[in-house]
Amino acid sequence: MATALQVLRHLAQAPLRLLLWRGPLARLASSMALAEQVRQLFESTVHAVLPGPLLQRALSLDPDTGQLKVRDRSFQLQQNLYLVGFGKAVLGMAAAAEELLGQHLVQGVISVPKGIRAAMECAGKQEMLLKPHSRIQVFEGAEGNLPDRDALRAALAIRQLAEVLTADDLLLVLISGGGSALLPAPIPPVTLEEKQTLTKLLAARGATIQELNTIRKALSQLKGGGLAQAAYPAQVVSLILSDVVGDPVEVIASGPTVASVHNVQDCLYILNRYGLRAALPRSVKTVLAQADSDPHGPHTCGHVLNVIIGSNALALAEAQKQAEALGYRAVVLSTAIQGDVKSVAQFYGLLARVAGARLTQHGAGASVKEDEQLQELAAQLQLPDLQLKGALEAVVCARGPVCLLAGGEPTVQLEGSGRGGRNQELALRVGAELGRWPLGPVDVLFLSGGTDGQDGPTAAAGAWVRPELASQAATEGLDVAAFLAHNDSHTFFCRFQGGAHLLHTGLTGTNVMDVHFLFLWPR
Ligand SMILES: Nc1ncnc2c1ncn2[C@@H]1O[C@H](COP(=O)(O)OP(=O)(O)OP(=O)(O)O)[C@@H](O)[C@H]1O
Ligand SMILES: O=C(O)[C@H](O)CO
């Protein structure tokens, strides 16, 4: 097995033309080598957004003067620097920050996912770990990406650290996706359990991250600018690794250093929309009613500098570069894929059909009607930065293999009680869509992966599929539609071809949403 893997690794680095063999056996080997190449491309994409190097690019310290530069702003350090952080990518950010700041750092507290230190140690990622005798205290919590008692303890320690700062101090705040669950401090009388239940219900009913975090902010002491308020009058610099489409600082990790602009009416509208208003716990009603009559009004954040240090766009730019180096014509379609996973899957299925027909100029290719359907689907998804026309034009001129790249975060409305995640569900749905039409003389592969390495509550990062998926699954007695009906994509991929289509990276220590790769190889 090890030897076979080595051969595959070697093949994966081979020029593309060597991988496009003919004949059934050669095609099977070629298919495995291509899958390995795609997997490596995913790993390079994630590598481009590892938190340490991004932080080092954003901060510079003059060791002689003690001047800390962040963008065009300078801060004088003199035993006055404190650090807090929360999110899936914060351990590596904190390690890089401590390395850079050395003795200037007085004290820090971070809240990171349960098991992340052991995972980094196991993977030999020493650069992601704090040194022994670090000045930064680490709390691990929020198992399954849900706020829990451990995360609550971390949030209280972070608040305590912030509250005692003075006007001479600087608070460095490290923020990344997953930060909301890792910084729970519900406003009493709302309890942690009540907040957890409400968050779970909203997520399961398909609420967007903007909606979810509007509610989280209204019920939290630290979100929606609360942390910045606690740290006042200290200066605050937030370094943010974005995991939300468009990089909105007020949404990422529920904007703890950004004043919230939402009012109670916004919250009630959202709760109504997902049928949750009538059954709200009394405590939630009380807090919402108080917020409406709060004499202090919203928090102000004039003492804060918020800086985005990395995003999905950066990851896709690297993927594009790497794919081109491997011989593909690579185009970034969008960094803002959002919407219901079913519509997103239809879009990719139809895109493969239309792009495949253009690539091979195949007579039985996509009709004008399918072209129009694709445009309609794209319009329904309302993707602000979609480069569909440009991508299809590039495909026509390609004359060789093509890689269409996109990123974002579709939403899944849970209807069943199976095991899965956004990426595996999307891949499975795209696999089913690809099997619906004849694609002509073109090989297709679609991959969807979460850059954090964990897709929903599963150990996989995502999965990859080919048009033969449904028919091959049927030969193993697996019915794709039945698995989809129960949101059971992970169970499907574990069983299908012995799990060969699952993408396993382990926790990556970063988080810039999901990436989608659509490959087309003319035969
Ligand atoms: N069985 C399932 N099938 C498909 N999707 C699921 C399933 N169970 C949970 N999910 C989806 O997984 C998502 C949660 O995944 P995950 O924990 O990776 O969160 P995330 O959105 O990446 O977290 P964050 O944005 O906080 O980093 C939710 O959107 C939920 O709908
Ligand atoms: O933590 C959160 O709120 C999400 O990951 C979005 O940033």
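**View 1. Backbone and side-chain contacts to ligand 1.** In this predicted model, a backbone N or O atom of Gly178 sits 3.4 Å from an oxygen atom of ligand 1. Gln454 also uses its backbone here, with an N or O atom lying 3.3 Å from an oxygen atom of the ligand. Asn511 brings in its side chain instead: one of its N or O atoms is 3.0 Å from an oxygen atom of ligand 1. On its own, ligand 1 has 640 Å² of accessible area, and the protein covers 83% of that.

**View 2. The shell around ligand 1, and where it sits.** Pull back a little and you'll find 20 residues surrounding ligand 1. Lys88, Asn145, Arg422, Asn487 and Asn511 are the closest of them. Sorted by class, this shell holds 10 polar, seven charged and three nonpolar residues. So where does ligand 1 lie relative to domain 1 and domain 2? It lies between them, because both domain 1 (54-186 + 222-260 + 296-310) and domain 2 (313-522) give residues to its shell.

**View 3. Asp452 and its link to Gln454.** Asp452 is part of the loop that runs between strand 12 (442-450) and strand 13 (462-465). Is Asp452 buried or exposed? Its relative accessibility is 9%, and since buried means under 20%, Asp452 counts as buried. Its side chain reaches the backbone nitrogen of Gln454 at 3.0 Å. Gln454 should look familiar from the first view, where its backbone also has an N or O atom 3.3 Å from a ligand 1 oxygen.

**View 4. Polar contacts to ligand 2.** Now for the other ligand. A polar atom in the Asn213 side chain lies 2.9 Å from an oxygen atom of ligand 2. Arg216 joins in through its side chain too, with an N or O atom 3.4 Å from a ligand 2 oxygen. Ala253 works through its backbone, placing an N or O atom 2.9 Å from an oxygen atom of the ligand. Ligand 2 has 230 Å² of accessible area on its own, and 91% of it is covered by the protein.

**View 5. Who lines the ligand 2 site.** The full shell around ligand 2 is made up of Gly177, Gly178, Gly179, Ser180, Ile209, Asn213, Arg216, Asp243, Val244, Ile252, Ala253 and Ser254. Six of these residues are polar, four are nonpolar and two are charged. Helix 8 (179-182) and helix 10 (209-218) each supply at least two of the shell residues. Which helix gives the largest share? That's helix 10, with three residues.

**View 6. Helix 10 up close.** Helix 10 is mostly covered, with eight of its 10 residues buried. The buried ones are Glu211, Leu212, Asn213, Thr214, Ile215, Arg216, Lys217 and Ala218. Asn213 and Arg216, both on that list, are among the residues surrounding ligand 2.

**View 7. Ser30 in helix 3.** Ser30 belongs to helix 3 (residues 24-47). With 6% relative accessibility, Ser30 counts as buried. Ser30 and Asn306 are 276 residues apart along the chain, and their C-alpha atoms are separated by 47 Å.

**View 8. The span annotated as MOFRL.** An unreviewed UniProt entry lists residues 402-514 as "domain: MOFRL". In the model, this span is 29% helix and 20% strand, and its end C-alpha atoms lie 20 Å apart.

Definitions and conventions
Residues are numbered from 1 along each chain as its sequence is written. Chains are lettered from A and ligands numbered from 1 in the order in which they are written. This is a predicted model: local features need pLDDT of at least 70, side-chain atom pairs count only at pLDDT 80 or more; totals for chains, interfaces and linings use all residues. Side-chain values use heavy atoms; hydrogens and water are left out. A residue is near a molecule or strand if one of its heavy atoms lies within 4 Å of it. A polar contact is a pair of N or O atoms within 3.5 Å; within protein, one must be able to donate a hydrogen and the other to accept it, and residues adjacent in sequence count only if both atoms are side-chain atoms. Accessible areas come from the Shrake-Rupley method with a 1.4 Å probe; for residues, only the protein chains shown count as cover. Helices (H or I, at least four residues) and strands (E, at least two) are DSSP runs, numbered from the N terminus. Ala, Val, Leu, Ile, Met, Phe, Trp, Tyr, Cys and Pro count as nonpolar, Asp, Glu, Lys and Arg as charged, and the others, Gly among them, as polar. Buried means under 20% relative accessible area, exposed over 50%, partly exposed in between (1.4 Å probe, protein chains only). UniProt positions are given in the numbering used here, feature names are shortened, and annotations may be inferred rather than shown by experiment. Domain bounds come from an automatic or database domain assignment.
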